[in-house]
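Here is a short briefing for a first look at this structure. Keep the model open beside the text and follow the strands as they come up.

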Amino acid sequence: MRPQYPPEFAVEVDGEPVSARAGQTVAAVLMSIGRTSWRSTRQHSRPRGLFCGIGACFDCLLVVNGLPDVRACQRVVSPGDVIRTQIGAQLPGGES
């Protein structure tokens, strides 16, 4: 059974509070605030964001609650989530 959340709640995006709606993916929340990229590539720091929208391409990776490589198009937000831009490749519990 899915947890019941209020219709609107706050999440944190790169240190700023952002309003989210129950059932939204992280990608939907980011796009609702005008963000089109939230990851950079490892070699050339090229911006990446939502591309395929179905979890096949891995362009929308970011850090959610300290866990890197979360697909923004697949992860549904929860109240209090801490969402952070991902720079290159990151290991759980550490940086690149």
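**Strands, sheets and one buried aspartate**

Strands β1 and β7 run parallel and are joined by two bridges. Within this pair, V13 stands opposite I83 in β7. Bear in mind that the model is predicted.

**The five-stranded sheet**

- β1 and β7 belong to an open sheet of five strands, in the order β2-β1-β7-β5-β6. The pairing in this sheet is mixed.
- The edges are β2 (16-21) and β6 (67-71), and each of them pairs on one side only.
- On average, neighbouring strands of this sheet are turned by 40 degrees against each other, direction ignored.
- β5 also pairs with β7 (residues 82-84): the two run antiparallel and share two bridges. Here V63 stands opposite R84 in β7.

**Strand β1 and its hairpin**

- β1 runs antiparallel to β2, and six bridges join them. V11 faces its partner across this pair, standing opposite V18 in β2.
- The two strands form a hairpin, with two residues between them. D14 lies in the turn and has a positive phi of about 45 degrees.
- In a regular strand, side chains alternate between the two faces of the sheet.
- Strand β1 (residues 8-13) shows such alternation. F9, V11 and V13 point to one face and are buried. E8, A10 and E12 point to the other face and are not buried.

**The three-stranded sheet**

- Another open sheet has three strands, in the order β4-β3-β8, again with mixed pairing.
- β4 and β8 (86-87) are its edge strands. Each has a single partner strand, so one side of each has no neighbour in the sheet.
- Strand β3 (residues 39-40) pairs with β4 in the antiparallel sense, over two bridges. In this pair, S40 stands opposite P47 in β4.

**D59, between two strands**

- D59 sits in the loop between β4 (47-48) and β5 (61-64). β4 is part of the three-stranded sheet, while β5 is part of the five-stranded one.
- Is D59 buried or exposed? D59 is buried, because its relative accessible area is 17% and the cut-off for buried is under 20%.
- Which residues does D59 contact, leaving aside its neighbours within four places in sequence? They are R39, R48, G49 and F51.
- Of these contacts, R39 falls within β3 (residues 39-40), and R48 falls within β4 (47-48).

How values were computed
Residues numbered from 1 in each chain as written. Predicted model: local features only at pLDDT ≥ 70, side-chain atom pairs only at ≥ 80, totals over all residues. Heavy atoms only, no water. Helix = DSSP H or I, 4+ residues; strand = E, 2+ residues; numbered from the N terminus. Buried < 20%, exposed > 50% of the residue type's maximum accessible area, 1.4 Å probe, protein only. Contact = heavy atoms within 4.5 Å. Pairing = 2+ DSSP bridges. Axes fitted to C-alpha atoms, helices over the stretch in contact; angles between N-to-C directions.
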